[in-house]
Amino acid sequence: MSKKISRRKFLVRGGLGTIGVVALGTYVFRNPLRRAMFGMIDSFVPPYSGSGTEANLWFEITKNNTVILHSPKVEMGQGTFTSLAQIVADEFDVSMNQVQVIGAATETGIVDGMSTGGSLSVAQLWQPLREMAATMREMIKNEAAKKLSIDVSSLSTKDGVISGSGKSITYAKAAEGVTKWDVPDTPALKPMKDYKFIGKPIPRIDLNAKVFGEPIFGMDAEMPDMLHAVIVRPEHVGAKYKGANIDEAEKMPGVVKVIQMDNWVGIVAKTYPEALAAKFKLKVDWDVPRKWTEEDIREIISVGNGNEMIVQKGGSSLDPEEEGVETVEFKSPIGAHAQMEPNGAVAHVKDNKATIIISTQVIGVTQKQVADALGFELENVNVIPTYLGGGFGRRLNTSHAIEAAQLSKEVGKPVKYFFTRKEEFQHDMFRPPTHHIMRGKLDENGLLEGLEHHFASGNVAIGSVIMPDMLHGILNADVGAIRGGSIQYSKVPNIRAVQWHNPLPFATSWWRSLGLLANTFAIESFVDEMAIKAAKNPAEFRLALIDDNEDGKRLKAVIKTAIDKAGYTDEVTNGRAMGFAASTDAGAPCAQVVEVSVIDNQVRVHKVTCVLDCGVAVNPDQVKAQCEGAIIMGISASMHEKMTLKDGQLYPTIYGPYDMALMKHSPREIDVHLIQGADVPLPVGEPPLGPIGAAVANAVRRITGKRLTELPLKMG
């Protein structure tokens, strides 16, 4: 199909995009307006804001009458491509087995202006993808009308066939030979009752490829005549490259070239084992100005240090010295992404053009970074995305694409370069550690009179490739670290949330759910403690603190459903207790009840009941699977995972010592219930991470009487 278009670009309708947010922000000079923006950012689903919004760039009709969607969002395991295929199938009037979804290479002209992340893929594409599929369907009908000599109004579509007046033609035949498309006004979209696939538990379209091990991931990528590379990186935090003796490495078998750049040295060889063997012959000189310790990091990340920003405020602040004011501190550690597939890329630079095959969440950013590093025009860099072997925010930072391209340029051949597992751990973009001080006071009726959350964190959004520096200057806070940091119990008359921000000496950035996990752990643990002090049922205690506005009603609905489905009680029975917690992330409220026991000082999670208001569930099975995955990941992060510093080095550097949840740590049952409290899809992948840590800690509190205040949760 031609990628030309005759009359006008297809316009994607939407709300306030990134540019709009920044423009609005230029008028924000007072903290109350800033805080209003924080509330919006915390629940706002931005519209799709990429390039290539012409419908016929997104869709390709093959000769065998199938539809290929070139998706600006990538697939990193959640099943996004299946949901997008369901949307296409319904509005395009084709069957599911006629739809294929692939990641759009930048040369297609389809480049997402943001990223794949924030659990936004389906939510962002819900409206524009349906509009484009419906528009493309009408464009093909127009061509069919010409070829069949039939008025277009008499034509109907089904399963990729256009019929009318006793004649029929396939989409493929109707599109054949078309070089100029007439673009109609956006047609009316089908009502929900007419959808055959949206809302149904359709099997994943990538199932066969994964079962049979087809080469769909970045590590599988190859190019003809490809060489392999390794790069030597420092093991100490803050170390700078001074130089290297490369004589022995250059003489090693298979070595093609040893390349020294300003801040690193790389080895290109015929095979990966040969490149790796030569790496150990390098004598590299590093400047290590300081050997950082865990204590140093904790001193930096503490409430009272760094830049202060009040992100939520109502009523009066609490005096910590006043009688009746309770204060509890909470902490969370450095967290690694620990995804299965390490980062890397295959690059070929030739004739002032570059081709990059890579697992990335930021296709457009990667294209620009490589172009800038090589001095190329943007259109001369083609980034081809693959499936991601785990993302979780780690693949928002793809400097390795630049390095692979620079190595390829030096040797004049395609080069494949990937991190070792040790490098992946030591040079991750970590989840920053946090420190929280919670304060609260009960009134004479046992209700919360005041509730405050003071929290400290390193960079999450600040300094990242997908957030404008201008926005940070306007807001004066890290919009990633504050996720989940505001207090959702709006009936509390005196309420306050204050962020303290400080950068760290190692790289930190987005980690699945951003600040939600740690912030919810602190807030929901403390609210539970106040319920115990008030001698009230923790769930009922919370319900009394929630407004009856639209957001409050949706939050109450998930809480009440979780209580009902789990048979929640705050009593300990046969050594087991239930813990409750709830949070709202990106407009999607989630409540969880966990059933826990403590045996031989070990916490065991037996069952998790999860209720999520995800709006329209395009594929309910996938939504439930994402909830299950988020809960397991949350259990792992809350009960096991921790990075630290030893002798100036980040540790651990391999699986095993980096403790993660195993099958034996998984609940025997995860019972997920979905509520449709909105008429559009809402983010799914991250909201269920919020409550799990606090819910587990709250259950342990009932069994042992001990309040666990630090992640990972340990009894001794």
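Is C590 buried or exposed? Select C590 and look around: C590 is buried, with a relative accessible area of 0%. Keep in mind throughout that this is a predicted model.

**Stop 1: two cysteines**

Leave C590 on screen and add C610, which is also buried, at 0% relative accessibility. The two sulfurs sit 3.7 Å apart, and for C590 the closest cysteine sulfur is the one in C610. Turn it around and the pairing holds, since the closest cysteine sulfur to C610 is that of C590. Tempted to draw a bond? A disulfide is a covalent bond between the sulfur atoms of two cysteines. Here the 3.7 Å gap is too far for a bond, and the structure holds zero disulfides.

**Stop 2: T609 and its strand**

Now select T609, which belongs to strand β23 (residues 602-613). T609 counts as buried because its relative accessibility is 1%. Show its contacts and, leaving out residues up to four places away in sequence, you should find A562, K565, A566, A591, Q592, V593, D671 and H673.

**Stop 3: the cores**

Next, pick F541, I559 and V696: they have the most contacts inside the largest nonpolar core, which has 74 residues. Centre on I559 and, beyond its neighbours within four places in sequence, its contacts are L543, I546, F580, A582 and A591. Apart from this core lies another, of 53 residues, and I87, L125, A175 and V616 are among them.

Pick A175 from that second set. A175 is part of helix α6 (residues 171-175) and is buried, at 7% relative accessible area. Its partners, not counting residues up to four places away in sequence, are K147 and W181. Then draw a line from A175 to K63: the C-alpha atoms are 9.6 Å apart, with these positions 112 residues apart along the chain.

**Stop 4: α4 against α5**

Select helix α4 (residues 80-92) together with helix α5 (residues 121-148). They pack at an angle of about 35 degrees, and their axes are 8 Å apart. The crossing of α4 and α5 is right-handed. To see the contact, show T80, S83, L84, I87, V88, E91 and F92 on the α4 side, and on the α5 side S121, V122, L125, W126, L129, R130, A133, A134, M136, R137 and I140. Colour the contact of α4 with α5 by class and you get twelve nonpolar, three polar and three charged residues.

Now move to the loops at this spot. D93 is in the loop between α4 and β3 (99-103), and S149 is in the loop between α5 and β4 (156-158). Most residues other than glycine have a negative phi, and most peptide bonds are trans. D93, not a glycine, has a positive phi of about 60 degrees, and S149, not a glycine either, has a positive phi of about 55 degrees. D93 counts as buried at 16% relative accessibility, whereas S149 counts as exposed at 65%.

**Stop 5: α15 against α19**

How far apart are the axes of α15 and α19? Select helix α15 (residues 516-533) and helix α19 (residues 689-704): the axes are 7 Å apart, and the helices pack at an angle of about 35 degrees. Their crossing is right-handed. On α15, show L516, L517, T520, F521, E524, S525, D528, E529 and I532; these meet L689, G690, P691, I692, G693, A694, A697, N698, R701 and R702 of α19. The residues in the contact of α15 with α19 divide into nine nonpolar, five polar and five charged.

Stay with α19, where 14 of the 16 residues are buried, so this helix is largely enclosed by the rest of the structure. Step off its end to G705, which follows α19 and has a positive phi, near 75 degrees.

**Stop 6: two cis peptide bonds**

Carry on into the segment after α19, where P712 lies. The peptide bond joining L711 and P712 is cis, with omega about -5 degrees. For another, go to P652, in the loop between β25 (649-651) and β26 (669-675). From Y651 to P652 the peptide bond is cis, with omega near 0 degrees.

**Last stop: W500**

Finish on W500, in strand β20 (residues 494-501). At 14% relative accessibility, this tryptophan counts as buried. Outside its neighbours within four places in sequence, W500 is in contact with V303, G304, N305, G306, N307, E308, F455, A456 and S457. Take A456 from that list: A456 and W500 are 44 residues apart in sequence, and 4.4 Å apart from C-alpha to C-alpha.

Notes:
Residues numbered from 1 in each chain as written. Predicted model: local features only at pLDDT ≥ 70, side-chain atom pairs only at ≥ 80, totals over all residues. Heavy atoms only, no water. Core = buried A, V, L, I, M, F, W, Y, C linked by side-chain atoms within 4.5 Å. Buried < 20%, exposed > 50% of the residue type's maximum accessible area, 1.4 Å probe, protein only. Contact = heavy atoms within 4.5 Å. Axes fitted to C-alpha atoms, helices over the stretch in contact; angles between N-to-C directions. Helix = DSSP H or I, 4+ residues; strand = E, 2+ residues; numbered from the N terminus. Left-handed = near helix turned anticlockwise from the far one by under 90°. Nonpolar A, V, L, I, M, F, W, Y, C, P; charged D, E, K, R; others polar. Disulfide = S-S within 2.5 Å.
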